[in-house]
Amino acid sequence: MIDARLYLLQRLTAIAMLPLIITHLVVMIYAINGGLSAEEILGRTQGSIGWAIFYGSFVLFAAIHGAIGFRTILYEWFVPNITVCSVASIALLVILSSLGLRAVYAVTWL
Amino acid sequence: MMKHRSHPLWKAFLLHRISGLALALFLPIHFVILGLALEGASALNTALAFSELPFVKAAEVGLILLLAIHLLGGIRILILELTQLSWDQKMLSRSAFGLSAIIATIFLWSAS
């Protein structure tokens with residue numbers, strides 16, 4: 001039952017991320033032109049509620065999606081103990097969401 | 001016994017897993033670097049200066065390639081699992097890889 005729910009959640013986060021990833025790719029290709037600078041990045045993102053919501057939701061979707069995928073790969077290829085794999089994937093979820101939200105706060109908060 | 005591993009869709013499956021794993025392992029580094037903005041723009045600029053090194057730039061292009069592969073490969077999986085469309089999956093997986101290479105090339109062109 002839990003596996004079916006995780007499967008569904010992974011697909012839902014994948015669909016939710018489609019426009020976010022495409023936008024991120026376009027912004028990166030645009031931003032890398034002429035080199036990257038903190039001023040350029042922060043000038044675009046600081047004080048922007050829109051970018052905070054965009055990147056904040058992106059981080060959470062990616063953390064959930066990545067943790068579920070990591071659990072599956074870990075179980076099928078490396079550790080045939082689902083409890084250990086679940087604990088490791090929760091650890092990855094916590095690491096990705098906390099570091100990610102900290103990064104969003106760092107670049108969007110004035 | 002290993003014959004299936006030469007199948008294009010097995011390669012697509014493997015590529016999707018490896019690209020996803022690599023992206024998940026890269027993200028903490030990405031977040032820590034962006035988090036340097038908390039210490040001010042100069043701290044972030046110091047880290048960004050490394051992105052001008054040729055091997056770092058090559059790694060960035062590699063990451064864009066992996067992201068595009070995971071995105072487009074993921075779209076193929078969603079089409080296969082969630083729709084009634086009976087498109088040629090081998091053609092879709094090859095197109096996904098080709099388009100990913102084009103996206104990474106555009107990024108490289110923009111970065112240089």
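Buried residues make up 25% of the 110 residues in chain A of this predicted model. In chain B, 28% of the 112 residues count as buried. The predictor gives the complex an ipTM of 0.95 and a pTM of 0.94. For chain B the mean pLDDT is 94, with 99% of its residues at 70 or more.

## The two chains

Chain A has 4 helices and 0 strands, and its elements run α-α-α-α from the N terminus on. Chain B likewise holds 4 helices and 0 strands, in the pattern α-α-α-α along the sequence. The radius of gyration of chain B is 17 Å, well over the 13 Å that the globule rule gives for 112 residues, so chain B is more spread out than a compact globule.

The table sets out the extent of each chain and the share of its contacts, among those with a separation of 6 or more, that join residues 24 or more positions apart.

| Chain | Span of the C-alpha trace along the principal axes | Share of contacts from residues 24 or more positions apart |
|---|---|---|
| Chain A | about 45 × 25 × 25 Å | 77% |
| Chain B | about 50 × 30 × 25 Å | 70% |

## The interface

In the complex, 29 residues of chain A are in contact with 28 residues of chain B. On the side of chain A that touches chain B, at least two residues come from each of α1 (2-32), α2 (38-45), α3 and α4. The element that gives the most to this side is α4(A), with 9 residues. By class, the side of chain A that touches chain B consists of 20 nonpolar, 6 polar and 3 charged residues.

## The nonpolar cores

The largest nonpolar core has 26 residues, and those with the most contacts inside it are A:A67, A:L96, A:A103, B:L34 and B:A37. Two or more residues of this core come from each of α3 (49-78) and α4 (82-108) of chain A, and from each of α1 (8-35) and α2 (41-49) of chain B. With 10 residues, α3(A) gives the most to this core. Apart from it lies another core, of 14 residues, which includes B:I64, B:L66, B:I69 and B:A111.

Within chain A, and leaving aside neighbours within four places in sequence, A:A67 is in contact with A:S89, A:I90, A:L92, A:L93 and A:L96.

## The fourth helix of each chain

The 27 residues of α4(A) should span 39 Å at 1.5 Å a residue; the end C-alpha atoms of α4(A) are 38 Å apart, which agrees. Its buried residues are A:S89, A:L92, A:L96, A:L99, A:G100, A:A103, A:V104, A:A106, A:V107 and A:T108. What covers them includes α2 and α3 of chain A as well as α1 of chain B.

In chain B, helix α4 (residues 89-111) has 23 residues and should span 33 Å at 1.5 Å a residue; its end C-alpha atoms are 33 Å apart, which agrees. The residues B:L92, B:S93, B:A96, B:S100, B:I103, B:A104, B:F107 and B:A111 are buried in α4(B). The cover over the buried residues of α4(B) includes α1 of chain A together with α1 and α3 (54-82) of chain B. One general point bears on such lists: an α-helix has 3.6 residues a turn, so residues three or four places apart point the same way.

## Two residues in the second helices

A:L42 lies in helix α2 of chain A. This residue has 18 C-beta neighbours inside 10 Å and therefore counts as partly exposed, because burial requires 20 or more. A:L42 and A:V107 are 65 residues apart in sequence, yet their C-alpha atoms are 5.8 Å apart in space. Not counting residues up to four places away in sequence, A:L42 touches A:V107, B:A37 and B:A41. Of these partners, A:V107 is among the buried residues of α4(A), while B:A37 is among the residues with the most contacts inside the largest nonpolar core.

B:A43 is found in helix α2 of chain B. With 15 C-beta neighbours inside 10 Å, B:A43 also counts as partly exposed. B:A43 and B:A24 are 19 residues apart along the chain, and their C-alpha atoms are separated by 24 Å.

Key. Residues numbered from 1 in each chain as written. Chains lettered and ligands numbered in written order. Predicted model: local features only at pLDDT ≥ 70, side-chain atom pairs only at ≥ 80, totals over all residues. Core = buried A, V, L, I, M, F, W, Y, C linked by C-beta atoms within 7 Å. Buried ≥ 20, exposed ≤ 12 C-beta atoms within 10 Å, placed from the backbone. Contact = placed C-beta atoms within 7 Å. Nonpolar A, V, L, I, M, F, W, Y, C, P; charged D, E, K, R; others polar. Rg over C-alpha atoms; globule rule 2.2 N^0.38 Å. Expected span 1.5 Å × (residues − 1). pLDDT = per-residue confidence, 0-100.
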